[in-house]
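These are my notebook entries on a single chain, taken in the order in which I looked things up. I began with the metal site and then turned to the helices.

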Amino acid sequence: MKTAIVNIGKILTGDLANPVAAGDTIVMNGGTIVAVGNGGGGGGGGVNGGAGVNGSDVVIDAGGTMAMPGLIDSHVHIAFGDYTPRQKTVGFLESYVHGGVTACISASEVHVPGRPRDPAGVKALAIAAHKSFENLRPGGMRVHAGSVILEPGLTQVDFGEMAAAGVWLAKAGFGAFETPFDYAPLVAMARAHNMVTMVHTGGSSIPGSTGIWADHLLKIRPHVSYHVNGGPIAMPDADFPRLVNESDIAMQVCTAGNLRTTLLVARLLTEAKQLERLLIATDTPTGSGIMPLGLLYTMSHLASLAGVAPELTVAMAAGNNARVYRLNNGVIATGRDADVVLVDACSGGSQSDALSALRNGDILGIGAVVTAGMPRFVGRSRNTPEPIRRVRVAECTLPASFGAEH
Ligand SMILES: [Zn+2]
């Protein structure tokens with residue numbers, strides 16, 4: 001399937017080092033972005049060649065809205081299927097697609113009712129979750145599931161079996177250990193099997209579990225400090241500069257956390273010139289609820305309150321997550337996965353485009369979401385206010401309207 005988006009106002013790439021690309025057209029084929037450039041006659045961007053707009057199954061007219069990569073929520077509490085036991089709600093992942101989220105990463109399947117705690121059980125749970133979401137894309141979203149909950153008794157052999165079955169995520173924070181320092185050898189084992197490792201940070205989110213602060217993280221050495229701003233309770237302020245200066249751990253800030261320390265993390269990483277370490281996620285569904293627009297809120301908080309350039313907040317919620325989690329989406333460039341979202345300022349507000357809206361502290365109006373090269377809806381999101389500009393299906397050879405008004 002070939003899909004083209006034309007008449008784009010500005011292309012926000014999601015790449016922190018190069019956050020805006022020239023051009024007004026994106027062409028996708030077979031689930032991959034094959035061209036980014038100028039599609040209109042004589043633009044010289046190279047799109048009109050073999051990989052041009054001609055021959056597309058679907059052409060979306062962006063109407064001057066901006067394009068950004070599909071957002072990656074790197075902290076979502078999935079269980080099985082599109083259902084959250086914590087909030088007893090069906091269809092939440094599909095709802096997140098209407099917030100511009102085209103991929104999510106499991107923060108471990110800890111909410112599965114009666115979840116197992118022994119090595120055989122957590123191993124089976126991770127493998128089953130990983131394999132089941134390989135066959136399921138709720139609303140078109142890609143779910144990276146099967147994040148093994150580190151528990152005492154897991155061995156090198158266990159990690160080898162899990163890795164062979166495709167498990168590549170490991171989560172520390174809910175295990176039955178005496179102290180958080182006891183996670184260190186298990187995180188090292190997971191790393192040895194090429195897994196991406198995450199450690200719960202801050203106060204306990206589960207009754208009886210202990211706080212995890214900088215001393216623990218510096219000893220455990222995960223790839224990612226999960227909700228470094230607190231999930232939902234933050235560690236002491238003095239611990240934040242230690243993580244910035246004494247480690248290269250990625251620092252994930254979550255919507256369902258402490259906003260003041262989110263802004264602190266942004267300031268510290270800006271001063272250290274290491275904004276590539278800042279990852280935006282939601283840490284939902286939890287007791288804080290379901291937040292389909294959570295990433296958009298945290299992006300607007302960083303752009304309006306922490307002085308972060310709005311196009312960089314797109315990168316923090318997309319390309320930065322993709323780099324740390326080794327994913328091929330999250331950036332608009334040829335060869336990357338065809339996950340693209342069209343955004344604008346919301347109608348009825350004071351701002352004129354997506355970037356000024358974020359800077360103003362507003363969320364974005366979403367006009368279309370494409371995942372794996374397939375439009376999932378075109379026109380308006382059911383969860384955001386309406387974009388100012390009109391996004392529409394200009395051409396379509398398929399028996400589908402993608403929810404667009406005609
Ligand atoms: Zn969490």
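**Entry 1. Metal site.** I read the spacing of the zinc donors along the chain as H-x1-H-x205-D. The model is a predicted one, and I keep that in mind throughout. I then listed the protein donors: His-75 through NE2, His-77 through NE2 and Asp-283 through OD. These donors lie 2.1 to 2.2 Å from the zinc ion.

I next placed two of the donors in the fold. His-75 belongs to strand E8 (residues 71-76), whereas Asp-283 sits in the loop between strand E18 (278-281) and helix H8 (294-305), so the pair ties together parts that are 208 residues apart in sequence.

I checked whether these two donors are buried or exposed. His-75 has 0% relative accessibility and counts as buried. Asp-283, with a relative accessible area of 5%, is buried as well.

**Entry 2. His-227.** I located His-227 in the loop between strand E16 (224-226) and helix H6 (239-246). Its relative accessible area is 2%, and because the cut-off for buried is under 20%, I record His-227 as buried.

Which residues does His-227 touch, leaving out those up to four places away in sequence? I noted His-75, His-200, Thr-201, Gln-252, Cys-254 and Asp-283. Two of these, His-75 and Asp-283, are also zinc donors. I further noted that a polar atom of the His-227 side chain lies 3.4 Å from the backbone nitrogen of Gly-231.

**Entry 3. Helix H4.** I looked up which residues of H4 (residues 184-192) are buried, and found Ala-184, Leu-186, Val-187, Met-189 and Ala-190. I then asked what these residues pack against. Their partners are two helices, H3 (156-164) and H5 (214-220), and two strands, E14 (169-172) and E15 (196-200). After H4 comes Asn-194, for which I recorded a positive phi, near 65 degrees.

**Entry 4. Helices H7 and H8.** I examined how H7 (residues 259-271) packs with H8. Their axes are 10 Å apart, and the angle is about 60 degrees. Angles of 65 to 115 degrees would count as roughly perpendicular and those under 35 as roughly parallel; H7 and H8 are therefore oblique to each other. I recorded their crossing as right-handed. From H7, the contact is made by Leu-259, Thr-262, Leu-263 and Ala-266. From H8, His-301, Leu-302 and Leu-305 take part.

How values were computed: Residues are numbered from 1 along each chain as its sequence is written. This is a predicted model: local features need pLDDT of at least 70, side-chain atom pairs count only at pLDDT 80 or more; totals for chains, interfaces and linings use all residues. Side-chain values use heavy atoms; hydrogens and water are left out. Buried means under 20% relative accessible area, exposed over 50%, partly exposed in between (1.4 Å probe, protein chains only). Helices (H or I, at least four residues) and strands (E, at least two) are DSSP runs, numbered from the N terminus. Contact means heavy atoms within 4.5 Å. Donors are N, O and S atoms within 2.8 Å of the metal (3.2 Å for Na, K and Ca); water is not among the atoms, so sites may look incomplete. A polar contact is a pair of N or O atoms within 3.5 Å; within protein, one must be able to donate a hydrogen and the other to accept it, and residues adjacent in sequence count only if both atoms are side-chain atoms. Axes are lines fitted to C-alpha atoms, for helices over the stretch in contact, and angles run from 0 to 180 degrees between N-to-C directions. Angles under 35 degrees count as roughly parallel, over 145 as roughly antiparallel, 65 to 115 as roughly perpendicular and the rest as oblique. A crossing is left-handed if the near helix is turned anticlockwise from the far one by less than a right angle, and right-handed if clockwise.
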